[in-house]
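Here are some short exercises, each with a worked solution. Have a look at the structure first, then try each task before reading on.

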Amino acid sequence: MLSFIGLVLFFAGCAESETEDFTLYPDNQGDIFLRRLYPNDLAQNDSAAANIAHGITLVVHPNATYQLSFDVDPNFDAPTLQLFRLYLNKDQTEWHGSRVRSLEPVVENGRYVYSFVCEENSFTEWVTSLALDENYYEGKVSNIRFTGNGAYSDHFSINLILVGNIEEEIEGYTIDELASNLLQEFRAQYTSVTIDTLYINYASKHPTLGAKYPANEPWLAGSSSEDFFLSELGGWPGIEDALDIVLVHYIKNEGVLGYSKPFSANLGKGAGSTVVLGTHIKTPYGEDPLSMKDIVETALHETGHFFGLRHTTATKADIEILRGDYDIGDYSNLDDGLDDTPYCGAGYTKSLMKIKNTDIVKVPGLSRIYIASNTSTFNVNNCPDADNYMFPTTVKDKVLTFSKQQLDMIRKNLMIFPH
């Protein structure tokens, strides 16, 4: 992944102009890439709201229709929203940009609403500015929302990719039993969409990459290769549009059962195209095998992130991770913003997701953490959202579910992602 911090933005040349000739380029420099709005994310996103006038990124997908909205500030006239397409120069050292939209809002129920269609050929990010009288808008931007609707199918298939000597290592069940249970639970829990088929493939038999993934040794995500996400296995030949779930021996970070890139939006090749799970878990004393139930629950959890769901309760680990790549420590996002998922305030204040008082577990995505026992007065099982699939840790003796709003978001975002 490219690091955007410190890169200078050079804007030259304007694309289509829909309302006026004046162009106000974003000037947030590297911070543009740290503040993003994702389609249909209902978290508060206060840092994005505070910086939208000078430049944040909007994640957009081909052929989808979008609305960006926020409350009217009665002390200022309506600003013009300008959107810019960014691209790297030939040396891959500087960002340049051209304007793709200049939009005036309509006012609905006390909110400015800007509507547009993405006409790109693939997933991309557009950068914003808000202009008023040829200057950056100085009004208050609050209760920001970015929503999207797509026209793609609400069906998808799953491609389970086995890396290394998985079949030799699993204990108490077979790969076929795991795959059958995985498909059954996806269909039972992801009730707002349709899962068509589950395929099983072996990385060692990949038509072009097989030699890189020997089948006679365990694969450790994070140490067996530099590609933590094994993203080159995404977009498997012949089933390019499936959700690729990569199963490895274990993840090098202690206590991590699985991970995915939040808001991945990629049912295809390349970055963000994979969900990674382990059949074992790293512990201070070595490794332990995971039950089929733990693997399946983690698959459902991480796929929720893939389709745009946050943890029901953010943790200190989330804030540390998101500060680096997505939200720069936006503490307004401790809650996922959904009305029907409760929030566990103690989950943050009690440093939930630390393992045995060690440092925060960091992986380049949102991960699910295994808690073997509760050694303090704080018991995660008592959190009101502990029975939700998007609770950040494992819990004991809970029947997990998704909420209606979570299921609606999964369907809406699936239909935005090209497939």
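**Exercise 1.** Is Arg-111 buried or exposed?

Solution. Before we start, note that this is a predicted model, where local features need pLDDT of at least 70, side-chain atom pairs count only at pLDDT 80 or more, and totals for chains, interfaces and linings use all residues. Residues are numbered from 1 along each chain as its sequence is written, and side-chain values use heavy atoms, with hydrogens and water left out.

Step 1: get the cut-offs. Buried means under 20% relative accessible area, exposed means over 50%, and partly exposed is in between (1.4 Å probe, protein chains only).

Step 2: apply them. Arg-111 has a relative accessible area of 18%, so Arg-111 is buried.

**Exercise 2.** Which residue forms a salt bridge with Arg-111, and which strands hold the pair?

Solution. Step 1: recall the rule. A salt bridge is a side-chain nitrogen of Lys or Arg within 4 Å of a carboxyl oxygen of Asp or Glu. Side chains of opposite charge can pair when their charged atoms come close.

Step 2: find the partner. That's Asp-71, with the closest N and O atoms 2.7 Å apart.

Step 3: place both ends. Asp-71 sits in strand E4 (residues 65–71) and Arg-111 in strand E8 (residues 111–117), so this pair ties together parts that are 40 residues apart in sequence. Helices (H or I, at least four residues) and strands (E, at least two) are DSSP runs, numbered from the N terminus.

**Exercise 3.** How many salt bridges are there by this rule, and where do Asp-154 and Arg-411 lie?

Solution. Step 1: the count comes to nine salt bridges.

Step 2: one of them joins Asp-154 and Arg-411, at 3.2 Å from N to O. Asp-154 lies in the loop between strand E11 (145–149) and strand E12 (155–162), while Arg-411 is in helix H7, so parts 257 residues apart in sequence are tied together.

Step 3: check the cover. Arg-411 is partly exposed, at 34% relative accessibility.

**Exercise 4.** Which residue forms a salt bridge with Lys-212?

Solution. Step 1: look for the partner. Glu-232 it is, with the closest N and O atoms 2.9 Å apart.

Step 2: place the two. Lys-212 is in the loop between strand E13 (194–202) and strand E14 (220–221), and Glu-232 is in the loop between E14 and strand E15 (243–248), so the pair links parts that are 20 residues apart in sequence.

Step 3: check exposure. Lys-212 is partly exposed at 48%, and Glu-232 is partly exposed too, at 32% relative accessibility.

**Exercise 5.** Which cysteine is joined to Cys-344 by a disulfide, and why is this disulfide left-handed?

Solution. Step 1: the rule asks for a pair of cysteine sulfur atoms within 2.5 Å. Cys-344 pairs with Cys-383, S to S 2.1 Å, and the count comes to one disulfide.

Step 2: the torsion about the S-S bond is about -55 degrees, so the disulfide is left-handed.

Step 3: Cys-344 lies in the loop between helix H5 (316–325) and helix H6 (345–349), and Cys-383 in the loop between strand E21 (366–369) and helix H7 (404–416), so parts 39 residues apart in sequence are tied together.

Step 4: Cys-344 and Cys-383 are both buried.

**Exercise 6.** Where is Phe-402 found?

Solution. Step 1: Phe-402 is in the loop between E21 and H7.

Step 2: at 9% relative accessibility, Phe-402 counts as buried.
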